Amino acid sequence: MPLISVENLSRRYLMGGETIHALRDVSLAIESGEYLAIMGPSGSGKSTLMNLLGCLDSPSSGRYELNGSRVSEMDDDQLAEIRNREIGFVFQTFNLLPRSTALQNVELPLVYSGMPAVARRQRAIEVLAQVGLAERMQHKPNELSGGQRQRVAIARALVTRPSIILADEPTGNLDSRTGDEIMSLFAELSVNGNTVILVTHEEEIARHTRRIIRIRDGLIASDQTNISPPPTPGAHTDTGQPMVP
Amino acid sequence: MGWLLEIKESCFIAWEAIRANRLRSALTALGIIVGIVTVTLMGMTLEGLNVAFRSNLAKLGAETLYVQRIPWEIRSYQEWLRYRRTRREFDWFQARQLERRITNAAASTLMTEGRFTVTYRDRSGSRASVIGTTADYELTTGVELAEGRFLLAQECDGGRPVCVIGSLVASNLFLNESPIGKRMRVASESVDVVGVLSKRGSFMGQFSLDNQVLVPAKFFVEALTRDSEFSLQIKARSAAHLPALEEEVRAVMRILRRVPPSAEDDFAINQQQSILDSFGRVSTIIGSVGFFISGLSLLVGGIGIMNIMFVSVAERTREIGVRKAIGAKRRVILIQFLTEAATICLAAGLVGLGIAWGVSFALASTLPVSMSPGIASLAIGVSIAVGVISGFLPAWRAARMNPVDALRNE
Ligand SMILES: Nc1ncnc2c1ncn2[C@@H]1O[C@H](COP(=O)(O)OP(=O)(O)O)[C@@H](O)[C@H]1O
Ligand SMILES: [Mg+2]
């Protein structure tokens, strides 16, 4: 059974008297351990799809199963629990809490999952070390560089050991060198068995992944295995199957 | 996640948020501070009055009747004037008649009072309160002697020129010598001092109970003044005997004062209960005025808190979105903002409590007020409640926010 299974997913917005079809009858399956990119021009429905996959939003119609649970029929609090357990978000603008230290930011998802204070501190320290920020744990976001902030955000996404890492334009606010560093961090996460989904409009970024889903006007335009991902040491070879929309 | 842990985490978050907006939080809290100061002062005043009243009343005794011309409970000056005009005096003769005819009493004491100048040799004290009474006075009022003895029954029956003086009179007139056995003057009459009372203090900080001279009632009437108002203190055998005693006193008094059968009493049978009743009414009035004022300032303060919480929620929309994205449930967000509102109000409440505590020291010389644990916890409880109530609407709005919209917010 695939990790993510989506059938005929639609999302409509009502604006004034007009209905905007942000996503139309999208179907797709994503296996555990995949590293893929969702691509498309601005306004094509990438963020809408990511919000649905990330359980931040509910579809207007269609069915979504994540790790065996019927997400499309859940209420607000059940979705919050799923997000906490199954999903790690990385945003373009980092979205760290400005008054909290890096460590407190990373601990927060564990606070919501109810982990005792000592255990969660230990786990947060471990993950911060993993993203290379062992020396910066007591710093607040405004004392960190953009790349370091995004590393904190990635650590926060990883800390609950989620099934999926969802990143919406994660390098959009970074210079290209720092962007590359972040991309190699994602590659490393993928090698370690994490499922990583990137949303991007940059070919350069999508090239790093092993499957590229292109959407246009709320429809899947193509879904291909990336034949030439840059060589990553120890990369998996069994990529996801291309799907016919 | 346990409730306690949730609230603890929320307290940290709330404290951070409040610290980040110190001035704004402080200004908003002013209304609450004023409200809590009023609540606390009102509570302390009521409690202080209550304690003072009851401890002073306890001296009167629950099973004692006070027969007098004018009742204790008077609603207006006009009413008092009317009693003075229309009621015959309760004089020495009537008081003694009544005392003699009552059969149900355990004890009774005659009392009258006037103000006279007291002198010893060339030393002239100011005017003192001179009380004409009988030997029973020592028992019924429970006064204690510092020196000498009290008036004897024979002295009272014979109207002998002897006296027992209060501690203030003693220290004013007698320097470096014992007053016992000395001859002093009350008005122009010579009297021998036989005893000195222990210091008794003042009644609610107002008039001294120590500026007194006690003489036999008979002497008072025969030597000082004939037309003086009397009262008779009658003690029942027990509180259960009080109604029967009151009936008997009423019947005897109506005969003595020749009250026609259809007319109402032209005298008063006072007892402690009536004071307690009117005190109860006074405290209800103080209570409701105080309740109104503090309720009003807490309402205004609460609206301020609600307003500032709406601002806080709007400013932190994105933060709410992030928290929801990483797994905060509605309840967690709700508790977070409720805790924040409650923390601001609690801090304001503690400041208010501190101010009221300071004011209570300033008042302590005139009113017997003091901060009790009950009042402190009332103030703290009220401030937390105001925070939770006024924070609810903003917190509810935050809790119900859609995470996608919240994250999109700039
Ligand atoms: N909350 C919303 N209300 C109305 N229309 C929306 C909303 N969110 C997205 N849309 C519309 O849906 C379409 C897809 O948007 P989006 O998924 O954000 O695109 P992308 O992320 O690919 O730029 C756009 O036309 C956008 O205007
Ligand atoms: Mg987008």
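**The surroundings of ligand 1**

Around ligand 1 there are 13 residues, and A:Gly43, A:Gly45, A:Lys46, A:Ser47 and A:Thr48 come nearest; a residue counts as near if one of its heavy atoms lies within 4 Å of the molecule. The model is predicted: local features need pLDDT of at least 70, side-chain atom pairs count only at pLDDT 80 or more, and totals for chains, interfaces and linings use all residues. Residues are numbered from 1 along each chain as its sequence is written, chains are lettered from A and ligands numbered from 1 in the order in which they are written, and side-chain values use heavy atoms, with hydrogens and water left out.

Ligand 1 lies between chains A and B. Oxygen atoms of the ligand pair with N or O atoms of chain A at polar-contact distance (N or O atoms within 3.5 Å). For A:Gly43 the partner is a backbone N or O atom, at 2.7 Å. A backbone N or O atom of A:Ser44 lies 3.3 Å from a ligand oxygen. With A:Ser47 the side chain supplies the N or O atom, 2.7 Å from an oxygen of ligand 1. On its own the ligand has 560 Å² of accessible area (Shrake-Rupley method, 1.4 Å probe), of which the protein covers 72%.

In chain A, strand S1 (4-15), strand S2 (18-30) and helix H1 (46-53) each give two or more residues to the shell. These elements are DSSP runs, helices (H or I) of at least four residues and strands (E) of at least two. H1(A) gives the largest share, three residues. By type, the shell holds five nonpolar, six polar and two charged residues, with Gly counted as polar.

Key
Polar contact = N/O pair within 3.5 Å; in protein donor to acceptor, adjacent residues only side chain to side chain.
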